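Please open the model in your viewer and follow the stops below in order. Each stop names a selection and then describes what is found there.

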Amino acid sequence: MSISFSPDRSGDDVLLALPVISGEGIEGRLPPELAEAGPIARAAVAAARFNGEAGSIVEVLAEIGGAVKRVLLVGAGTALDAERAGSALITKLLTSGDTALTIDVRSIDSAKRAEFAARLALAASLRSWRFDIYRTKLPARQKPTLESVTIIVGDAIGATEEAWSPLKASAKGVAFTRTLVSEPANIIYPESFVERARAELEPLGVEIEVLDEAAMRELGMGALLGVSQGSEREAQLLVMKWDGTGGAADPVAFVGKGVTFDTGGISLKPGAGMEDMKWDMGGAGAVTGAMRAIAGRKAKAHVVGICGLVENMPDGKAQRPGDVVKTMSGQTVEVINTDAEGRLVLCDAITWVQSRFKPKTIIDLATLTGAMIISLGHEYGGIFSNDDALADALIAAGRTSGDKLWRMPLGEAYDKMIDSPIADMKNVGERAAGSITAAQFIARFVDEGVKWAHLDIAGMVWASKPGTLWEKGATGYGVRLLDQYVKDVLEA
Ligand code: BES
Ligand code: MN
Ligand code: ZN
């Protein structure tokens with residue numbers, strides 16, 4: 001679907017949407033087109049009890065300038081809620097048979113119009129994303145028909161294009177993440193993930209480096225390699241470098257859990273619902289999409305993205321419960337449960353990024369624990385951090401971007417729960433506080449003085465029902481969050 005802006009209407013637009021701000025006395029705020037359309041159209045609006053509530057829509061036929069048009073009044077709420085307005089329009093029209101939509105936002109106050117129009121475009125872009133490539137028999141009525149959205153902004157055209165440019169990069173990052181997350185595990189496995197990232201990011205100037213299993217063995221990454229041991233697929237450590245500061249700033253590291261399929265290993269998961277574990281690489285997907293977003297808008301920031309990519313499978317070579325592995329840090333781990341594999345991947349990735357790039361800030365993203373979904377459901381990702389300012393900045397970026405976060409605790413009592421009788425630590429605690437002990441495990445690999453935040457996004461990567469900005473399926477959670485953080489903190 002193409003999205004564009006124009007100062008004026010072309011006249012041959014037959015499907016026209018007009019935003020309306022909510023509040024008392026709606027008649028006074030109806031667009032002038034409705035006056036021209038006459039009493040029948042206004043009666044239709046009244047009959048629908050349309051009040052401009054964000055995301056509500058009323059459709060009328062109206063004769064405007066001598067031509068019959070379909071006019072959609074779309075509620076923008078009191079706060080110019082472009083996301084809900086745009087989402088409602090796309091939800092209604094994407095598969096409606098219509099091909100072209102014009103949204104005329106010139107009634108919006110000129111001081112706020114560019115931002116509103118750009119956010120509308122973002123919503124249209126995100127809400128219209130589909131993953132249909134494997135559906136060869138999709139009924140015609142379910143196929144997207146809407147090809148273009150044109151937003152009419154009057155003399156705010158320059159400011160709108162300027163506001164849209166970074167949001168467009170962000171939308172492309174989200175789309176890329178959603179594709180990676182949606183692809184099944186026979187298509188996306190560590191090596192193919194790397195190839196997709198290379199194809200998408202290198203043209204934008206992101207430098208890619210890849211460590212294969214031999215390189216990781218040389219470095220002593222026994223925890224990450226232990227997870228990969230039962231798989232036919234070769235593990236990969238993907239490194240993506242973007243420096244928009246010309247070497248002026250130290251890098252911030254984003255680290256993603258990229259388990260391209262999680263069977264649980266020898267601690268095998270139950271069969272029901274196991275297909276969900278194709279998206280156990282959602283943390284890596286978010287990091288990779290965030291790199292797409294920040295490179296796409298040429299962010300003036302220095303960021304390295306690291307993805308620990310492995311497949312967790314049970315075979316004759318797979319690691320067993322009770323095995324002791326040695327991590328790159330030198331610390332040893334008793335693997336009580338081979339299904340607690342994400343932390344084993346992250347610990348070596350974090351040790352490596354510290355030794356290689358000396359980042360002062362590390363943010364890791366992972367679909368780490370089912371317990372996180374029990375705690376926060378699908379509304380907030382959990383954030384664990386050793387630094388209040390970092391946590392606050394990420395929570396604020398979450399609020400701005402829509403990828404919401406809620407702070408979770410860390411502490412010595414939780415840390416003790418993963419002490420092992422045979423090794424330095426075990427990879428699981430008891431059932432209680434499962435997300436927190438997972439975070440404590442990772443904390444043991446963060447160097448003194450490094451600011452670190454761990455984002456457990458197990459409940460956020462995949463949606464079983466449509467949301468404002470996504471169809472059911474991959475959400476792209478984390479991309480807009482990291483992009484916003486870069487903008488607010490690293491580029492400030
Ligand atoms: N990838 C899972 C966590 C998960 C579960 C993410 C459901 C999204 C939806 C992770 O590797 C895992 O299996 N965690 C275990 C940990 C347990 C063995 C301590 C879990 O949550 O059950
Ligand atoms: Mn697991
Ligand atoms: Zn997992």
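**The whole chain**

Begin with the full protein: its 492 residues would give a compact globule a radius of gyration near 23 Å, and the 25 Å found here agrees with that (taken over C-alpha atoms, the rule being 2.2 Å times the number of residues to the power 0.38). This is a predicted model, in which local features need pLDDT of at least 70 and side-chain atom pairs pLDDT 80 or more, while totals for chains, interfaces and linings use all residues. Residues are numbered from 1 along each chain as its sequence is written, chains are lettered from A and ligands numbered from 1 in the order in which they are written, and side-chain values use heavy atoms, without hydrogens and water.

The C-alpha trace spans about 80 × 50 × 40 Å along its principal axes. Colouring by secondary structure shows 15 helices and 19 strands (DSSP runs numbered from the N terminus: H or I of at least four residues for helices, E of at least two for strands). Of the 492 residues, 55% count as buried (under 20% relative accessible area with a 1.4 Å probe, protein chains only).

**The zinc ion**

Select ligand 3 next. The protein donors of this zinc ion are Lys-257 (NZ), Asp-262 (OD), Asp-280 (OD) and Glu-341 (OE), at 2.0 to 2.4 Å (donors are N, O and S atoms within 2.8 Å of the metal, or 3.2 Å for Na, K and Ca; water is not among the atoms, so sites may look incomplete). Six donor atoms surround the zinc ion (ligand 3) at angles of 78 to 175°, and the arrangement is therefore octahedral (six donors, opposite ones over 155 degrees apart and all others between 65 and 115; a site that fits neither this nor the rules for four donors is irregular). The pair Lys-257, in strand β9 (residues 252–262), and Asp-280, in the loop between β9 and α9 (282–296), links distant parts of the chain, 23 residues apart. Lys-257 is buried at 1% relative accessible area, and Asp-280 is buried at 2%.

**The manganese ion**

Move to ligand 2. Asp-262 bridges the manganese ion (ligand 2) and the zinc ion (ligand 3), which lie 3.2 Å apart. The manganese ion (ligand 2) is coordinated by Asp-262 (OD), Asp-339 (O), Asp-339 (OD) and Glu-341 (OE) at 2.1 to 2.2 Å. Its six donor atoms subtend angles of 71 to 167°, and the site is irregular. Finally, select Asp-262, buried at 2% relative accessibility, and Glu-341, buried at 0%.

Conventions. Tetrahedral: all angles 85-135°; square planar, octahedral: opposite > 155°, others 65-115°. Buried < 20%, exposed > 50% of the residue type's maximum accessible area, 1.4 Å probe, protein only.
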